[in-house]
Amino acid sequence: MDQSDKLRLLQSYWYSPRRLHDSPTRYDFPGDRFLPNRSLMDLDRAHTLLTNKTTDFKSSKCNEVYQQKLIESQSLNSEGKRIMVFRGSSKSSTKSIRFVDELRQQMAAISDNKSKQAAYRSIPKAEMIVFDAPGLMDDYYVNIMSWGKNNVLAVGLGPTLYLRNSVDQRTHKLFHVREEDNWPTSITWSEETQTLAVGYTCSNLQLWDAESSKLIRSLQGHSGRIASTAWNGHILTSGSRDKSIINHDIRARNHLASCIKKHSDEVCGLKWSNEGDRLASGGSEKQLYIWEASKMSSSKFLHRFTDHCAAVKALAWCPYQHNVLASGGWNDRCIRIWNTQKGICIHSIETKAQISGLEWNRHHREILSSHGYSTGEDQNKLCLWKYPSMTKVGEFGNHEPRIINLCQSPDGVTVVSAVADETLRFWDVFGPPTTGTSMASDLQGLFSSRNSLIR
């Protein structure tokens, strides 16, 4: 045997499993658990255990104590099977394990816990303050009250229009109409609260500068009473007893932007959506129209709803679902919630009373309705409804006569109801939950007496 053959034999012996078994190398640490050292392995025994299925090999090193330790460390039962491990099951016997479903369930549980832990928001049992408002018109179709973002309440009392500043507590007379039977029938603040739009009984439409108390402009186009107006940026929309809807561009010299004649009776309700892309119009002929801002010049409506059985005056767009509109009317006694995207009615709630106003709560998912005549005991009240279930949260305000108008403060906390007994009643009904027993609000600090004169 030459030298090269001896060297090859020596190398083969050096790396053989038998040599590693006979003279294993000693280490202080027995090696890594994932990448074990081959010198610590009995490869011959391992090969035999893997290939021989009949012989039961036993080792003194693998005693019962060691096996018990192994079972405990691997979470095995007495039969050598793992416990508390997911093994899957049929779809019919288990709930959905998708991540989205689990996330929704966790969020719902968190929301429920928060609602249980949140402080209770009590419903007011009485009005916060009452204003005497002599000359207030007892007419269901008029809209003679508007609360602007400047925190100034504009209200028409007969031939006179007053401005009540909630900051400095001052009441200011904007103007007094000298003509008989030509009183303000529609009042609306512009979005930037620099201009006040006023519609009259005899088809006049005027723009007033509230700070200077000056008439800015008169807009023509109608031939009947203007009972509803609504702003959308620089566009002022007016509805009249002459059955027409006119869009006025107040920037242009020729202000008439478009005129729509689809209603067959007086237009008594107008409301632009919060995004300004859709207009809702209600008429005395029991119909509700939805218009797209981009197509109003063509007089093509998006939807026409005929579910109401009386004049549709109360309109309110949902502040957290831009396609949702609430509507109510004269003798219909129903609050209807519409999906204006799909053109369907998603809720219809019987209130058993005339509906004169609707206001969404911007702090909670609720809507407030004001009521008038009724055949039952629920007349002349304010009712609070939970959305979207439309379950009644509570009712309050036992007004003796009916409620004509309903208006919300710019901070979304207080509402004011105009009542046919010539009073304005303020209610601290909206807003976050109250803590403790103190229920002080901005208006409570503004007025020292419970009853005050608006003029």
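Reader: What makes two strands a pair?

Author: Two strands pair if DSSP finds at least two bridges between them. Strands themselves are DSSP runs (E, at least two residues), numbered from the N terminus. This is a predicted model, where local features need pLDDT of at least 70, side-chain atom pairs count only at pLDDT 80 or more, and totals for chains, interfaces and linings use all residues. Residues are numbered from 1 along each chain as its sequence is written, and side-chain values use heavy atoms, with hydrogens and water left out.

Reader: In what order do strands 22, 23, 24 and 25 form a sheet?

Author: The order is 22-23-24-25, in an open sheet with antiparallel pairing. Strand 23 (residues 366–374) and strand 24 (residues 382–386) share five bridges. The definition asks for at least two, so they count as a pair. Within that pair, Ser-370 faces Leu-382 in strand 24.

Reader: What makes strand 22 and strand 25 edge strands?

Author: Strand 22 and strand 25 (391–396) each pair on one side only.

Reader: Why is one side of strand 10 and of strand 13 left without a neighbour in the sheet?

Author: Strand 10 and strand 13 (256–260) each have a single partner strand, so one side of each stays without a neighbour. Their open sheet runs 10-11-12-13, with antiparallel pairing.

Reader: How do you know that strand 12 and strand 13 pair?

Author: Strand 12 (residues 245–249) and strand 13 have four bridges, in the antiparallel sense. At least two are needed, so the pair qualifies. Ile-245 stands opposite Ile-260 in strand 13.
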